Amino acid sequence: MTASVPSARRPASAPTPRVRPGRTVVPSAATAASAVVPADDDAPAPTAAPSDGAAPGDGAAPGDTTAPGDGVALRTEGVRIGYDGRTVIDGLDLALPVGRITAIVGPNACGKSTLLKGIARLHPLSGGRVLLGDRDVAAMSRRELARVLGVLPQSSIAPDGVRVAELVSRGRYPHQGWFGRHSSTDDAVVARALVATGVADLATRPVAELSGGQRQRVWIAMVLAQETDIVLLDEPTTYLDVAHQVDLLDLLAELNAERGTTVVMVLHELNLAARYADHLVVMRAGTVVAQGEPGAVLTEAIVLDAFGLDARVVPDPVSGTPLVVPVGRTRRP
């Protein structure tokens with residue numbers, strides 16, 4: 001799941017990532033994109049009320065001197081999100097490090113995916129706001145946001161009859177003009193994304209005919225094809241076998257190292273999260289119980305507190321990052 005592509009300059013503000021050992025690390029210039037490409041116009045999505053002074057459209061909000069995607073920070077302020085009158089997240093403040101890989105972990109139903117949906121405007125906020133630099137994302141047009149923020153949701157549905165290359169090419173939507181014409185640049189970016197995710201040989205196949213793991217890699221290729229500065233991924237390793245999980249995370253690590261892309265992903269695999277993330281966010285019951293470098297955050301006490309799991313945390317023999325070893329009720333020495 002790797003490909004050689006032209007290198008890109010890493011933003012000066014982005015710190016150099018630590019080396020993450022994996023199955024295969026071949027320099028790639030995979031680029032990030034959105035698996036949710038709006039089909040309508042540039043109107044802002046109805047997620048929350050725009051902040052004062054912000055206006056929808058592709059221009060900057062009055063008084064905002066930060067260009068979206070130019071190494072800008074993504075953060076939440078007092079975010080409240082719920083379903084059917086039930087509050088899942090209430091008043092959450094979270095700053096995501098620029099140019100780093102952040103993994104959000106926590107037990108089932110703790111609000112990880114809900115938080116990511118709220119940040120990505122896939123679920124409306126009932127309070128608070130999400131800021132990209134100094135701008136409220138609610139005031140940004142869909143196209144404008146899609147040029148900066150790529151999203152891979154937990155469940156994606158392809159249009160009936162669409163083929164792999166066609167679906168991946170839809171990741172180029174925000175970079176095209178009003179008539180949606182593909183350029184040679186678009187074709188080259190799509191080709192690189194197909195190769196990087198190992199699905200180039202499936203380019204002419206209908207997406208509906210693919211296995212779950214193959215479809216997941218196709219959606220990830222679409223994310224790569226959009227070339228955004230920030231990528232949000234909700235359980236991207238779902239349906240992938242362990243070899244492809246490591247390949248995917250290597251690809252994201254290369255993307256981060258070469259382009260300084262900010263990567264934020266929800267993961268269930270604690271040990272992979274600890275190995276690949278620069279910044280770890282641990283959630284429980286809609287709140288953040290700990291965040292920081294994996295070595296400082298993933299302790300036996302925090303694993304017990306957040307997951308209710310008795311475990312031993314030892315150094316990973318390959319990477320030196322925390323390795324969580326569950327104790328369990330059986331199979332004890």
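In helix α9, which spans residues 300-307, the buried residues include I302, V303 and A306. These buried residues fall within an arc of 100° when α9 is viewed down its axis, so they line one face of the helix. Several elements take part in covering them. Among these are the strands β9 and β10. Helix α8 (294-297) also contributes, as do β11 (311-315) and β12 (322-326). Just past the end of α9 comes G308, whose phi is positive, at about 65°. All of this describes a predicted model.

The loop between β9 (279-284) and β10 (287-292) holds A285. This residue is not a glycine, yet A285 has a positive phi of about 50°. A285 is exposed, because its relative accessible area is 60% and the cut-off for exposed is over 50%. A285 is also one of the residues in contact with V88.

V88 belongs to strand β2, which covers residues 86-96. With a relative accessible area of 15%, V88 is buried; the cut-off for buried is under 20%. Neighbours within four places in sequence aside, V88 touches residues on either side of it in the chain. I81, G82 and Y83 are among its contacts. So are G111 and T114. A285 and G286 complete the list. V88 can also be placed relative to A109. The two are 21 residues apart in sequence, and their C-alpha atoms lie 8.8 Å apart.

A second residue with positive phi that is not a glycine is R121, with a value of about 65°. R121 sits in the loop that runs between α1 (112-119) and β4 (127-132). Its relative accessible area is 10%, and R121 is therefore buried. A285, by contrast, is exposed at 60%.

Helix α7 (residues 270-276) contains A273. The relative accessible area of A273 is 0%, so this residue is buried. Beyond the neighbours within four places in sequence, A273 is in contact with A103 and V105. L267 and L280 are in contact with A273 as well. I101 lies 172 residues from A273 in sequence. In space, the C-alpha atoms of A273 and I101 are 9.6 Å apart.

Pairs distant in sequence also feature in the chain-wide count. Among contacts between residues at least 6 apart in sequence, 73% join residues at least 24 apart. The protein chain has 333 residues, and 52% of them are buried. Its secondary structure consists of nine helices and 12 strands. The accessible surface of the chain is about 14,600 Å². Carbon and sulfur atoms account for 52% of that surface.

The largest pocket holds about 260 Å³ of space. Its lining is made up of 18 residues. Nearest the pocket centre are S156, I157, A158, R215 and W219. By class, 10 of the lining residues are nonpolar. Six more are polar, and two are charged.

How values were computed
Residues are numbered from 1 along each chain as its sequence is written. This is a predicted model: local features need pLDDT of at least 70, side-chain atom pairs count only at pLDDT 80 or more; totals for chains, interfaces and linings use all residues. Side-chain values use heavy atoms; hydrogens and water are left out. Helices (H or I, at least four residues) and strands (E, at least two) are DSSP runs, numbered from the N terminus. Buried means under 20% relative accessible area, exposed over 50%, partly exposed in between (1.4 Å probe, protein chains only). Contact means heavy atoms within 4.5 Å. Accessible areas come from the Shrake-Rupley method with a 1.4 Å probe; for residues, only the protein chains shown count as cover. On a 1 Å grid over the protein atoms alone, a cavity is a set of points where a 1.4 Å probe fits but cannot get out, and a pocket is an open set with protein on both sides within 12 Å along at least five of seven lines; lining residues have an atom within 4 Å of a point. Grid points are joined across faces, edges and corners, and a volume is the space filled by probe spheres set on the points. Ala, Val, Leu, Ile, Met, Phe, Trp, Tyr, Cys and Pro count as nonpolar, Asp, Glu, Lys and Arg as charged, and the others, Gly among them, as polar. The arc is that of the directions from the helix axis to the C-beta atoms.
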